[in-house]
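Dear colleague,

I am passing on a structure that may be new to you, and my notes on what turned up follow below it. Please keep it open while you read.

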Amino acid sequence: MQNEVLEMQFNIVNELNGKFDPIVLIKTDEKPTDAVIPKPGKGGCVMAFVSQTIAKRKITAFGRENITCGGIATGMGWGDGFNTPQDMEFQATFLSLGQDSAKDKDEYLKKLENKPKNVADMFREGERIYCDFDTALQHIKNRPIYDDKQYVVFKPIEKLCEDEIPDSVIFTLNPMELSAVLQLNGSFRSENATVITPQASACQAIGSFTFQQAEADIPSPVLSPLDFAARRHMKHFIPNDYLCLSMPWELFLKLDDLSKKSVFQTDFWKEFGNGK
């Protein structure tokens, strides 16, 4: 039946029995009618919307008309987000040491004059994800770039419909839950399991870096967020001791199947898990 909700048919979700069930990411060209989505020209940090899907189980979405920074554009698969080389250099300055990394300090500070004081102060200090301008610029140039679809929808996994195939799944896990899922991820591999932890913004980790893993012969899950700017937008919904683990849909299905005969059925999980 079209649009029939799957209603928690995933064993791994039931075994984890966590505070936060997974959510799914779906790329689409159709503007969602049942989602919380910013008005055209408005945006903000996409992680504030993702967090509402995780914690409040709301369907949220972002579109190309909601791009407010180059990071979101890259993360959600809408090109590199830069109109000029100068725009890229500006972001590299911000992502490193701010004014201390600026090639032209006066020009950089001039661009901050019309920004709100708290935003200008943040840009002057820099986000400090990278140690210097050149390292930041190289990382920006090495980002996986996609340019397809118009919208990205974030949906609680229990609201997934029968005819929908997500692009990826995002877990939100405490340390014990993360340990169990990572052990499961390594249980079928002949070599040590690999987890990708990109030196990137959270939206890029759950987005473009996870999209990239979907193209790998043996995909890996992606651990995030590392950036505290994203944490600032998430902290009202997600406790600080939780991390996100995103993965392509096919890897999720494999782990879901493996979870039926796994650490989840042992006394270890009874001792360290969440119980039923």
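**The sheet and the helix packed on it**

Strand 2 and strand 3, the latter made of residues 151–156, are paired in the antiparallel sense over 4 bridges, and in this pairing Gly 63 stands opposite Tyr 151 of strand 3. Please bear in mind throughout that this is a predicted model.

The two strands belong to an open sheet of 6 strands, in the order 2-3-1-4-6-5 and with antiparallel pairing. Strand 2 (60–63) and strand 5 (222–224) stand at the edges with a single partner strand each, so one side of each is left without a neighbour in the sheet. On average, and with direction ignored, neighbouring strands of this sheet are turned by 20° against each other.

Helix 2, which covers residues 46–56, packs on the sheet and touches strand 1 (23–28), strand 2, strand 3, strand 4 (168–173) and strand 6 (243–248), while its direction makes about 155° with that of strand 2. Of the 11 residues of helix 2, 9 are buried, so this helix is largely enclosed by the rest of the structure; among the buried ones are Val 46, Phe 49, Gln 52 and Ile 54. Just after helix 2, Arg 57 takes a positive phi of about 60°.

**Aromatic rings**

A search of the whole structure gives 11 aromatic pairs. One of them is formed by Phe 10 and Phe 252, which meet edge-to-face at 5.3 Å centre to centre, with 70° between the planes. This pair links distant parts of the chain, since Phe 10 lies in the segment before helix 1 (11–16) and Phe 252 in helix 12 (residues 249–258), 242 residues apart. Phe 10 is buried, with a relative accessible area of 7%, and Phe 252 is buried as well, with a value of 0%.

Tyr 146 and Phe 211 form another edge-to-face pair, at 6.0 Å centre to centre and with 85° between the planes. Here too distant parts of the chain are linked, with Tyr 146 in the loop between helix 7 (133–141) and strand 3, and Phe 211 in helix 10 (residues 208–213), 65 residues apart. Both Tyr 146 and Phe 211 are buried. The charged end of Lys 27 sits over the ring of Tyr 146, 5.7 Å from its centre, and in the same manner of arrangement the charged end of Lys 115 sits over the ring of Phe 123, 5.2 Å from its centre.

Returning to Phe 10 and Phe 252, ring pairs link these two with Phe 171 and Trp 249 into a cluster.

**The nonpolar cores**

Which residues of the largest nonpolar core touch the most other members? Of its 29 residues, they are Ile 12, Leu 16, Phe 171, Leu 245, Met 247 and Phe 252. The elements that give two or more residues to this core are helix 1, strand 1, strand 4, helix 8 (175–186), strand 6 and helix 12. Leaving aside neighbours within four places in sequence, Leu 16 is in contact with Phe 171, Leu 173, Glu 177, Val 181, Phe 264, Trp 269 and Asn 274. A second, separate core of 26 residues includes Val 46, Phe 62, Met 76 and Met 234.

Lastly, helix 4 (residues 85–95) has several buried residues, including Met 88, Phe 90, Gln 91 and Leu 95, and what covers its buried residues includes helix 3 (70–76), helix 5 (105–110), helix 6 (117–125) and helix 7.

With kind regards

Conventions
Residues are numbered from 1 along each chain as its sequence is written. This is a predicted model: local features need pLDDT of at least 70, side-chain atom pairs count only at pLDDT 80 or more; totals for chains, interfaces and linings use all residues. Side-chain values use heavy atoms; hydrogens and water are left out. Two strands pair if DSSP finds at least two bridges between them. Axes are lines fitted to C-alpha atoms, for helices over the stretch in contact, and angles run from 0 to 180 degrees between N-to-C directions. Contact means heavy atoms within 4.5 Å. Rings of Phe, Tyr and Trp (its six-membered ring) pair if their centres lie within 6.5 Å; planes under 30 degrees apart count as stacked, over 60 as edge-to-face and the rest as tilted. Buried means under 20% relative accessible area, exposed over 50%, partly exposed in between (1.4 Å probe, protein chains only). A charge sits over a ring if NZ of Lys or CZ of Arg is within 6 Å of the ring centre and within 35 degrees of the ring normal. A nonpolar core is a set of buried Ala, Val, Leu, Ile, Met, Phe, Trp, Tyr and Cys residues joined through side-chain atoms within 4.5 Å.
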